[in-house]
Amino acid sequence: MQVAFILDSRCGLGTVFYLSCSSLPSAFMLLNMLVTFLPHGSYTLCRLIYIINICVGFLLIFSAECIFILRTFAVWERERKFVAFKIISIIAYLIPIFVCFGEFIPSVGECSIPGGIGHVDTKARSLVIAVYSLLVIGELETLVFVLYRTFRSHGGLKTKNRLIRGLVHHNLMYFSCSFAFSLGIILATAFFPFPVMHMIAETQVIVLSLLVTRMHRDFWRSDRVYCGNDGTDLSLSTFMAVTPDAHVSIGLV
């Protein structure tokens, strides 16, 4: 199914994000296995693996979020003011997140192989809470914009637009899952040892990546069945906003 999806979809930003979400989880899990199962390793090697692990995890979450941002652009029919606002908003979220990452790495405690990082100081814990709070706020913003446009232009949750209904359902499911994990991470960071938070965070990355990959393949498959497999392009770079009276193709290349 994944091969057919890639071959039948138009190449674009969305396809790149999809490939990231579908292929990088294996590398992400491998990095965690190296820290856990290597018989021995230096402090430098442990920190290097953790830094790479953080970068890969960030790329996975960023790709998943961008897929939903592209869909939001489509729902808003790529209105220039809205697109400009969202781009500025994304930058406003990324800057403090990058700053937090930059300050987190020097703040971690001892790192050993096998075992990993067993302790972080209060500053590092505050940085983790700040990052996941920003993630929740950003996801909530995207969801609110999708719901606002749905109620304003498509008749609400009972809209006859099949794709809009599916899109809202996916957004609600993804946000609920991500919020539950992020809340767990924030609480674990505040009240439990670092390994507990780390385990929840690693699980969140894998689950959200697989979830968004499955959502988009199912979304594409259901549209092909509905359209009689006539070659309609519903790649991640093109969202077909189908209304009862018209077919509007909105490219997100």
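**Note on a predicted helical model**

1. Leu183 is found in helix 6, and this placement, like everything else in this note, is read from a predicted model rather than from an experiment. Leu183 is only partly exposed, because its relative accessible area of 38% falls between the 20% limit for buried residues and the 50% limit for exposed ones.

2. Leu183 also belongs to a nonpolar patch on the surface, in which Phe179, Leu187, Phe191, Phe192 and Val196 are the other members. Together the residues of this patch have about 570 Å² of accessible area, and helix 6 supplies the largest share of the patch, namely four residues.

3. As for the overall architecture, the protein has seven helices and four strands, and from the N terminus on these elements follow the order α-α-α-α-β-β-α-α-α-β-β. Of the 253 residues of the protein, 48% count as buried, while the protein exposes about 12,600 Å², of which 70% is supplied by carbon and sulfur atoms.

4. Turning to the interior, the largest nonpolar core has 53 residues, and those with the most contacts inside it are Phe104, Ile117, Val120, Tyr132, Tyr174 and Met197. Two or more residues of this core are given by each of helix 2 (13-37), helix 3 (43-75), helix 4 (80-107), helix 5 (122-153), helix 6 (162-191) and helix 7 (194-226). The largest share of the core, 14 residues, comes from helix 3. In soluble globular proteins, nonpolar side chains tend to be buried together.

5. Which residues does Tyr132 contact, once its neighbours within four places in sequence are left aside? With those neighbours excluded, Tyr132 is in contact with Ser182, Ile185, Ile186, Ala201 and Gln204. Tyr132 is also one of the residues with the most contacts inside the largest nonpolar core.

6. On the range of contacts across the protein, one may consider those between residues at least 6 apart in sequence, among which 74% join residues at least 24 apart. A separate pair, given as a C-alpha to C-alpha distance, is Leu13 and Ser63, which are 50 residues apart in sequence and 9.8 Å apart in space.

7. Leu13 itself lies in helix 2. Is Leu13 buried, partly exposed or exposed? Leu13 counts as partly exposed, since its relative accessible area is 44% and the partly exposed class runs between 20% and 50%.

Definitions and conventions
Residues numbered from 1 in each chain as written. Predicted model: local features only at pLDDT ≥ 70, side-chain atom pairs only at ≥ 80, totals over all residues. Heavy atoms only, no water. Core = buried A, V, L, I, M, F, W, Y, C linked by side-chain atoms within 4.5 Å. Buried < 20%, exposed > 50% of the residue type's maximum accessible area, 1.4 Å probe, protein only. Contact = heavy atoms within 4.5 Å. Areas by Shrake-Rupley, 256 points an atom, 1.4 Å probe, with all protein chains shown as cover. Patch = residues over 30% accessible without salt bridge, like charges linked within 9 Å, V, L, I, M, F, W, Y side chains within 5 Å. Salt bridge = Lys/Arg side-chain N within 4 Å of Asp/Glu carboxyl O.
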